[in-house]
Amino acid sequence: MVTASSAPVDSASVVVTSPVNVQNAPRPTTWGERFVFALADTAAKRDCRDRPLSNVAGPYGIRDVGRSTLQLEPVAGARGPRLTIHLATETSARDLVDAGVDLLVTDSPALAAYAATRGDVTSAPLGWDRTWVVATPRGSLAIDSSVAFRSGLARDAVRADARASEGTHWWSDTTGCSTATVRSALASIGTSRVVYPHDESVARALAERLVAVLGGRATATGLAPNAFRSALLSGSEMAYVFPLRRMTVDRCRSMTELVERASWLGGRGAITALIDTRLHAVVRRDRLNLTFTWDSTVAIAPARP
Amino acid sequence: MTFRSRLLIAFAIATIVPLALLGFGVRRQLTARLVAQHQRRVEDMAKVAAQDVERESASIAARLSTLARTLRTDDRFRMAAVRGDPGERAYLLDWAELAMRTTGLEMLQLQDSGGRILSSGHFRNEFDRLEPELPRALGAAKGAVLVNVRAPEGSFLALARAESVYVAGRRFDLVGGIKVDSVFLQRFAREEGLHVILSEAKDPKVPGRGLSIGTTRIPRLPARDDNSRPARDDNSRPARDDTSARDDNGADNVVAELPIPYLTDSQTTAHLIIAYDIPELALLRRDVDQWFAAALVVVVAGALAVAAWLSRRLSEPLATLTHAASTIDLEGPELALAAGRDDEIGTLARRLGSMSTRLRASAARLRHAERRATVGDMARQVNHDIKNGLIPIRNVLRHLVQVQEQEPQNLSTVFAERRATLESSVGYLDTLARNYAKLTPRVDRRAVDVNGIAAEVAASIAVGNNVRVRTRLPDNVPRALGDPVVVRRIIDNLVRNAVESFDAEGGEVTLATARTPTGGVRITVVDTGRGMSSEELAHAFDDFFTTKPDGTGLGLSVVRRLTTDLDGSVRVESAPGQGTAVTIELPSCTPS
């Protein structure tokens, strides 16, 4: 879906309000990494029927990694403008917006609303692409699973554009997937921690709310990506809050990948979907064309001649 | 334990104990003076800390009051909290965080009149939790109160106050405070060496059950470099020994304590403990200890040297005296004991010398008496032996006189018959004389015809009509190994004793020889005389013991001595009225 079009440009600036660590490629740990890695991913330039997206730029190669910027250039033979991606906090992103950027991708509705106040931009929410779940190695916690509770989380606990998670989730249907039989011994749970990836503000907000609701000695602890990955693999924490793709083409493959990350999910572990979130894109109408694929991946279209 | 060891130990104790007491006393006095001086100083600091806490409390109250005034005119707050406008709910949730940052507080809650948290600054997603007791308890307190505040990452301690505000007729409570951690406590530790601990327990040696934080660990003796003391983290509980504020003397630091209200389920007061470790005290103690150790080494070394010298002075004469006493020989030369000293040892030596002299004189007298007794004994034995040799001669002579008077024609025949007896007796006497001439007769070792000697003795014994001497001398008796003269003396003494044991009624003597099972020679003399009682039997071999009116008491004692000289044995069996049996066993000439 093309949301805006403009005259062709050689270069463009993009603001992403999410941490990006290129070392994590090709397996993103944040939505920002997912956005950037998708620009460099050849496969992402094909539609759901595996047909090339003729009007999509890239694929891109990452040329330079600065402290808070990334330089991306189209690989040889590919089309599209050179991209300077600014990795910004919500505060610094406002400064960049005021200075003029070609594209803002953010999970903050407030920031998107502020950016949209400029007259030359088009703001659009992207699809509900991520579902935030709480996974518990020993079964479900005493958490209210009602829609009201989940709506409360979406409305009050997080500052992202969120809703109570809806629909049937791919991980809840293991029919025909052999991965559901994967078992592994669980490490003993020695903590009362609800852990989350510390770069994810939504996960933090959800974890804090769970702690507030659970009471007692429960605490919320943010972990670095590697530490979180190890903790998730061991199943030694009381609960884990993290995002999952809301949709997948290959349900069983995604199940396999999930069970590889947390093998105890094939046993007594339980996943409870809490909320769905979506990103917002704000694009300058006269600079870039954007295409959103079926799974809400943002693709930059080459400028029109 | 030797005398010398005891002396050394006594000297060591006698010097070390007073010195240790002196060192301990000096150390204690110095410590007490220095501690008292610093105690006053720390108490002054505690007063300053109390003023600081009051100032913090007032500052919190002022900030809460400002926020309360702001809330009354905050329209968005009214729309969210009073009207319940969902569009302003996010503002309400974020209000406390923003207000907390604006005012510099580190803990802020906004509650409605039911105790429901509407907005929480230190824990945004704490909303809707009920906590009605907190503002109530804080409102009842006069000043700031320590409270445990819950946060997502865990609880922390805060110095908090409460303020109420009425908006649209509804009461809202603001609870705000500042974090109490090591950074907070650091402001009370204005001087180097000053340590501040906040603890449930008043005594810093006893860690509180839930609360115990401090700027540093309170050091223990010996004083260590401050850099080596790890700083405390917030809310970290020290290990039990970490809070030992004092050494065993209770004097390496001084402590003052400030009570602060503490809101928990069971505790109502926490204690701000200000401790000052006194580096001078540690240095002073170290110096005292060093000088004391040096003095101790010198004194002990000196004491041990003196003790060793004294003990040698005392023990060496004693050892010499002991050696001299052990070598005293009453027949040897007289020893010179350490009599030249004029002390107790000299007296002892002199007394030992005089005792030795007296013993020596007594021994000489005893030897003289023994010699006299021995000469008498020998004279009696010679008399006895000569008499034994003369008796056969006298008997032969009487027999010849009798024949000459009654049968003169047979004199030459009888003389010829009795000549052997005469010659034998004369030979016996001759040998006896030679032996006595040599005083210590040498006993021969050659084959002896015991049967032959026994027959001669039996023939030579003159007996009355009512006494009969029988012999039983089998041919298989081997020759004995010995001296014929000695064997004859043995048999002669035994037969004569047996004959003399008869009273007027007479009796029978049986002289028998036999071969022993081991191949030796056994000589048995059995009489039917009066026998001996068990008491008489016990003394039968004693010299000069006799039951006969004219006996010498040497017969059996001579027999035993002679038998022993021949490596033989003698045994006597007797009973009153049953006669006596004497058995001699001698080794044979041929080995068995």
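How many residues does the contact take from chain B and from chain A? The contact takes 11 residues from each of them, chain B and chain A alike. On the side of chain B that touches chain A, the residues divide into 4 nonpolar, 2 polar and 5 charged. The model is a predicted one, and the paragraphs below take chain A and then chain B.

Chain A contains 7 helices and 13 strands. Of its 305 residues, 44% count as buried. Among the contacts in chain A with a separation of 6 or more, 73% are between residues 24 or more positions apart.

One place to look in chain A is strand β5, residues 103–106. L103(A) and V105(A) point one way from this strand, L104(A) and T106(A) point the other way, and all are buried. Strands of a sheet pair through backbone hydrogen bonds, either parallel or antiparallel. Strand β5(A) takes part in pairings of both senses. Strand β1 of chain A (residues 11–16) is joined to β5(A) by 3 bridges, and the two run parallel. Strand β11 of chain A (residues 270–284) pairs with β5(A) in the antiparallel sense, over 4 bridges. L104(A) appears in both pairings: L104(A) is the bridge partner of V15(A), and V282(A) in β11(A) is the bridge partner of L104(A).

Chain B has an open sheet of 5 strands, in the order β11-β13-β14-β16-β15, with mixed pairing. Strands β11 (467–472) and β15 (569–575) of chain B stand at the edges with a single partner strand each, so one side of each has no neighbour in the sheet. From one strand to the next, the twist averages 10°. At the β11(B) edge, 6 bridges join β11(B) to β13 of chain B (residues 507–515), and these strands run parallel. Within that pairing, V467(B) has G507(B) in β13(B) as its bridge partner.

Helix α10(B) packs on this sheet, where it touches β11, β13, β14 (521–527) and β16 (579–586) of chain B. The direction of α10(B) makes about 15° with that of β14(B).

Helix α10(B) also has a helix partner. Two packed helices are described by the angle between their axes and the distance between the axes. For α10 (residues 484–500) and α12 (residues 555–565) of chain B, the angle is about 150° and the axes are 9 Å apart. That angle is over 145 degrees, which means that α10(B) is roughly antiparallel to α12(B). Their crossing is left-handed. From α10(B), the contact uses V486(B), R489(B), I490(B), N493(B), L494(B) and N497(B). The α12(B) side supplies G555(B), L556(B), V558(B), V559(B), L562(B), T563(B) and D565(B). By class, the residues of this contact are 7 nonpolar, 4 polar and 2 charged.

Another helix pair in chain B is made by α1 (residues 3–72) and α6 (residues 279–326). These helices pack at an angle of about 165°, with their axes 8 Å apart. Helices α1(B) and α6(B) are therefore roughly antiparallel to each other. The crossing of α1(B) with α6(B) is right-handed. Their contact has 24 nonpolar, 5 polar and 4 charged residues.

Terms used. Residues numbered from 1 in each chain as written. Chains lettered and ligands numbered in written order. Predicted model: local features only at pLDDT ≥ 70, side-chain atom pairs only at ≥ 80, totals over all residues. Axes fitted to C-alpha atoms, helices over the stretch in contact; angles between N-to-C directions. Parallel < 35°, antiparallel > 145°, perpendicular 65-115°, else oblique. Left-handed = near helix turned anticlockwise from the far one by under 90°. Contact = placed C-beta atoms within 7 Å. Nonpolar A, V, L, I, M, F, W, Y, C, P; charged D, E, K, R; others polar. Pairing = 2+ DSSP bridges. Buried ≥ 20, exposed ≤ 12 C-beta atoms within 10 Å, placed from the backbone.
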